[in-house]
Amino acid sequence: MATIDVMISADEISNRLDALAEEVAAALPPEARTSPVLMIGPLKGAVMVMADLARALHRAGVDTVMDFIGLSSYGAGTVSKGTVTMTSDLSIEVAGRHVLLVDDIVDTGRTLHFAQAHIAARGPASLRTLVVLDKPERRVVEVPVEHVGFTIPDVFVIGYGTDLDQRYRELPYVGLFRPDSDS
Ligand code: PRP
């Protein structure tokens with residue numbers, strides 16, 4: 001059995017999301033209050049933060065609607081393939097809306113770069129980006145990220161949406177995966 005050490009606890013994530021929701025609320029122009037903010041999450045890693053952040057934004061007085069885009073940049077294992085593939089497109093009109101792009105982690109930046117270009121091409125009123133985890137040491141493509149939960153070093157993390165071969169997304173915390181020395 002591998003070992004998982006808690007790096008960022010569920011309580012720390014929850015508290016940080018509440019603070020980020022207040023940040024997002026404060027950054028919205030007054031006219032953005034007249035219609036719900038469109039949250040967009042790249043599948044599948046964004047699922048956990050989308051749900052929790054939508055509730056945090058509700059507590060902060062911000063109405064939201066959600067959409068998802070299927071993007072994949074990793075094959076099996078832990079190494080990026082370097083290209084982003086769209087597996088399913090958005091289903092809600094972006095034009096004229098205030099958009100919040102949300103993801104679990106920004107690593108090389110390729111996924112957010114692709115998503116930001118895809119959204120920007122559809123004419124949003126504004127576009128801001130929020131991630132739970134930022135690994136700046138790994139960046140290949142510079143992308144604007146206005147709201148960052150936690151800046152972390154270049155270590156392999158799992159949980160809270162991040163995965164290892166599709167597993168461990170459901171962990172309520174961010175953990176450090178330590179494989180057995182004999183595996
Ligand atoms: C993960 C994660 C981010 C992306 C970050 O998604 O959810 O979207 O990688 O890496 P990057 O900054 O190097 O692009 P992945 O493509 O593994 O798909 P998943 O969300 O289904 O895990």
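This is a short walk through one structure, from a sheet to the cores to the ligand.

A caution before we start. The model is predicted.

Let's begin with the sheet. Three strands make up an open sheet, and their order is E1-E9-E8. The pairing is antiparallel. Which strands sit at the edges? Those are E1, residues 3-8, and E8, residues 157-158. Each of them pairs on one side only. Now look at E1 with E9, which covers residues 174-178. Five bridges join the two strands. If you want one pair to find on screen, take Asp-5. Its bridge partner in E9 is Leu-176.

Next, the nonpolar cores. One general point helps here. In soluble globular proteins, nonpolar side chains tend to be buried together. In this model, the largest nonpolar core has 31 residues. Which members touch the most others? They are Leu-53, Leu-57, Leu-100, Val-102 and Leu-133. Several elements each supply at least two residues of this core. On the helix side, they are H1 (10-27) and H2 (47-59). On the strand side, they are E2 (37-43), E5 (98-106) and E6 (126-134).

Stay with Leu-53 for a moment. Leave out residues up to four places away in sequence. Leu-53 then touches Leu-17, Ala-21, Met-39, Leu-100, Val-102 and Leu-130. Apart from the largest core lies another one, of 15 residues. Its members include Ile-40, Val-94, Ile-119 and Val-143.

On to the ligand. There are 18 residues around it. Which come nearest? Ser-73, Asp-103, Asp-104, Thr-108 and Thr-111 do. Here are three distances, each from an oxygen atom of the ligand. To an N or O atom in the side chain of Thr-108, it is 2.5 Å. To a polar backbone atom of Gly-45, it is 2.8 Å. To an N or O atom in the side chain of Arg-169, it is 3.0 Å.

How much of the ligand does the protein cover? On its own, the ligand has 490 Å² of accessible area, and the protein covers 95% of that. Three elements give two or more residues to the shell around the ligand: strand E3 (64-74), strand E5 and helix H3 (110-120).

Last stop, a single residue in helix H3: His-118. Is His-118 buried or exposed? Its relative accessibility is 11%. The cut-off for buried is under 20%, so His-118 counts as buried. What does His-118 contact, leaving aside neighbours within four places in sequence? Its contacts are Ile-69, Met-86, Asp-89 and Leu-90.

Methods:
Residues are numbered from 1 along each chain as its sequence is written. This is a predicted model: local features need pLDDT of at least 70, side-chain atom pairs count only at pLDDT 80 or more; totals for chains, interfaces and linings use all residues. Side-chain values use heavy atoms; hydrogens and water are left out. Two strands pair if DSSP finds at least two bridges between them. Helices (H or I, at least four residues) and strands (E, at least two) are DSSP runs, numbered from the N terminus. A nonpolar core is a set of buried Ala, Val, Leu, Ile, Met, Phe, Trp, Tyr and Cys residues joined through side-chain atoms within 4.5 Å. Buried means under 20% relative accessible area, exposed over 50%, partly exposed in between (1.4 Å probe, protein chains only). Contact means heavy atoms within 4.5 Å. A residue is near a molecule or strand if one of its heavy atoms lies within 4 Å of it. A polar contact is a pair of N or O atoms within 3.5 Å; within protein, one must be able to donate a hydrogen and the other to accept it, and residues adjacent in sequence count only if both atoms are side-chain atoms. Accessible areas come from the Shrake-Rupley method with a 1.4 Å probe; for residues, only the protein chains shown count as cover.
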